[in-house]
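Dear colleague,

I am handing over the structure below, and after it I set out what was found. Please read the notes with the coordinates open beside them.

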Amino acid sequence: MDFTYLFDILRYQQQRFPQTAAVAGRHHGQWRTWPVTELETASEKLACALYEEGLRPGDFAGILAHCGSPEWLLADLAMQRLGVIVTPIHATARPDEVAFILRDSGMKLCFISNADMLAHLQRSGETLPKLISFEVLPDIRTPASLLESPVSDTATQFIRTLSIDPNAPATVLYTSGTTGLPKGVLLSHNNIVSNVKSVLAIVPIDQSYEAVSFLPLSHIFERMVTYAYLAAGVTIWYVESLERLPATLREVRPHIFTAVPRVMERSYDRLMEQRAKLGKTGRWIFDWAVNLGCRYPYSAGGAVPPVYRLKQLIADLLVFRRWRKALGGRLQVIVVGAAALQPRLGRLFNAAGIRVREGYGLTETSPVVAFNRFEPGGVHFGTVGIPVPGVEVRIANPDEKGDGEIEVLGPNVMLGYLHNPEETAAKFTPDGWLRTGDSGRFEHKRFLKITGRISEIFKTSSGKFVAPAYAEGQLQHSPYIQHALVLGLNQPHPGALIVPNFAALETWCRENNVHWTAPEFMILNPKVLQRFQKEIDHINKEHLEIVEHIRVFRLIADDWTAENGLLTPTLKLRRKDLTKKYEKLVAEMFGGG
């Protein structure tokens, strides 16, 4: 059996390797597992119940939840069975973005996870659609109550005989972007199914694997991965919050999970916190192992040298195996996407025996375009890998370094933007390739490297072009830098606003007899400023061209998050909002204040 529709994947798993625990979620502090047979039956019955509630094929219906869960998946698949266009809303979306999505989609019904998400909808100021809540709330029905209600023969017959075009819209995902209101990306079953099959061809997972899922299912990345897990028979354990992730890893002991770079950075920070508890000899051994791991040589070139392998075995015995135990002890694979991973972290985790593979994609491409592989010679740290099967990538108008706009062609490319034909037309070339808006080049002939966003490139007063995203990525190579915003339009040289990694900075201060107080005071400490100048000087020399050198910088004590509106839901910088917030500081940094 094959699968054409996303909701077919349940039947596909059921026939090939029926899992008695296909998915699991926590209810009142206890895990509840769902057999694939129960998911299949429940999704069909819920689809019938939604028909009774008035939903029809082509209608829009939403899901707004604080985390992924079996209920999220059930609602998603049930609406797909009915031919409804599933419309997820990010839990971190601003009220004006929520209002726009409600108006633009005209959704008739919305699943919510709890009272907080109800309040989030209400803050939009819009008239709300019919609501169904995963948790019990006054006067709002739950999926459980709908499943317990009798279903008419008319509804059952309608669902079982419904013919859905696999190339018609299955979902619309609103991309927040870094500026302006979101755009609704229309994806079909065929778009996403093609990407699921591409990923299954290159990621070594099967029914013996167990996964934890903690990224939002409102993003196409984790949602597509969920479908891939189901198709491979992987058991999915949903984590209700990032705060519970460390405990869940030890409890579930997964083989695989997907992450964004920030999660990897937090994991590294926790390792550094353990380092601070060690004695002098223990810290020396720890630092030796970390430095060894960050130089992990395996890349596109081939095998690890024997001398390095011997040192790696010693580091594993003394340090790395403890890290793996903290991550459950069975973790084999971490798939990273949504933003650029610091190459040193990729190397470090691979040296520690956990295969970290970075990929690249967009909501408009369902999402995966390129991915580092698991076979020998298939990974190159610092790149996003090789185009996945069935997807073509080309570089438009490359410069002397081979940099140009990345363009994509394949069955995973979106149908277009909802209610926005002008934007849709502008997104495609005359010969049908998708313009990603990202700049990049191929290295080692086949590995794609992202160098920035076309729209963000600025020119200094000396006439030189700078891609800020690339420079920001290089700054974040430093363990002391959490976020960086590079600026310099019409200025003599680039400058940067930097949010320190205060956990790492506090450790450095204690080891170097620098009195630690609050972050807002530490960013003014002369010794701290000297430390950051040394970091930036090193990055300028080793990783940036002269025109990209960061000549001035300012440290920021504020955190930048999606919740405070300074990052997008996918943790990208909102440049316009950041530049406005720190307008006076930027002017002072460049000598205008």
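Buried residues account for 58% of the 593 residues in the protein, and please keep in mind throughout that this is a predicted model. The protein contains 21 helices and 25 strands, and its C-alpha trace spans about 75 × 55 × 50 Å along the principal axes. A compact globule of 593 residues would have a radius of gyration near 25 Å, and the 24 Å of the protein therefore agrees with that expectation.

The part I looked at most closely is an open sheet of four strands, in which the order is β16-β17-β19-β20 and the pairing is antiparallel. Because β16 (392-396) and β20 (447-453) stand at the edges and each has a single partner strand, one side of each is left without a neighbour in the sheet. On average, and with direction ignored, neighbouring strands of this sheet are turned by 50° against each other.

Within the sheet, strand β19 (residues 434-443) is joined to strand β17 (residues 404-409) by four bridges, the two strands running antiparallel. Two of the facing positions may help you to find the register on screen: Gly404 has Gly440 of β19 as its bridge partner, while Val408 stands opposite Leu434, again in β19. Towards the other neighbour, six bridges join β19 to β20, and these strands also run antiparallel. Here Glu443 stands opposite Phe447 in β20, and the hairpin of β19 and β20 has three residues between the strands, with His444 taking a positive phi near 50°. As for its surroundings, β19 has eight of its 10 residues buried, so this strand is largely enclosed by the rest of the structure; the cut-off behind that statement is that a residue counts as buried when its relative accessible area is under 20%.

Elsewhere, there is a feature of the surface that you may wish to display. Leu310, Leu313, Ile314, Leu317 and Leu318 together make a nonpolar surface patch of about 470 Å². Of these residues, Leu317 lies in helix α13 (residues 306-326), and Leu317 counts as exposed because its relative accessibility is 53%, where the cut-off for exposed is over 50%.

With kind regards

Technical notes:
Residues numbered from 1 in each chain as written. Predicted model: local features only at pLDDT ≥ 70, side-chain atom pairs only at ≥ 80, totals over all residues. Heavy atoms only, no water. Pairing = 2+ DSSP bridges. Axes fitted to C-alpha atoms, helices over the stretch in contact; angles between N-to-C directions. Patch = residues over 30% accessible without salt bridge, like charges linked within 9 Å, V, L, I, M, F, W, Y side chains within 5 Å. Areas by Shrake-Rupley, 256 points an atom, 1.4 Å probe, with all protein chains shown as cover. Salt bridge = Lys/Arg side-chain N within 4 Å of Asp/Glu carboxyl O. Buried < 20%, exposed > 50% of the residue type's maximum accessible area, 1.4 Å probe, protein only. Rg over C-alpha atoms; globule rule 2.2 N^0.38 Å.
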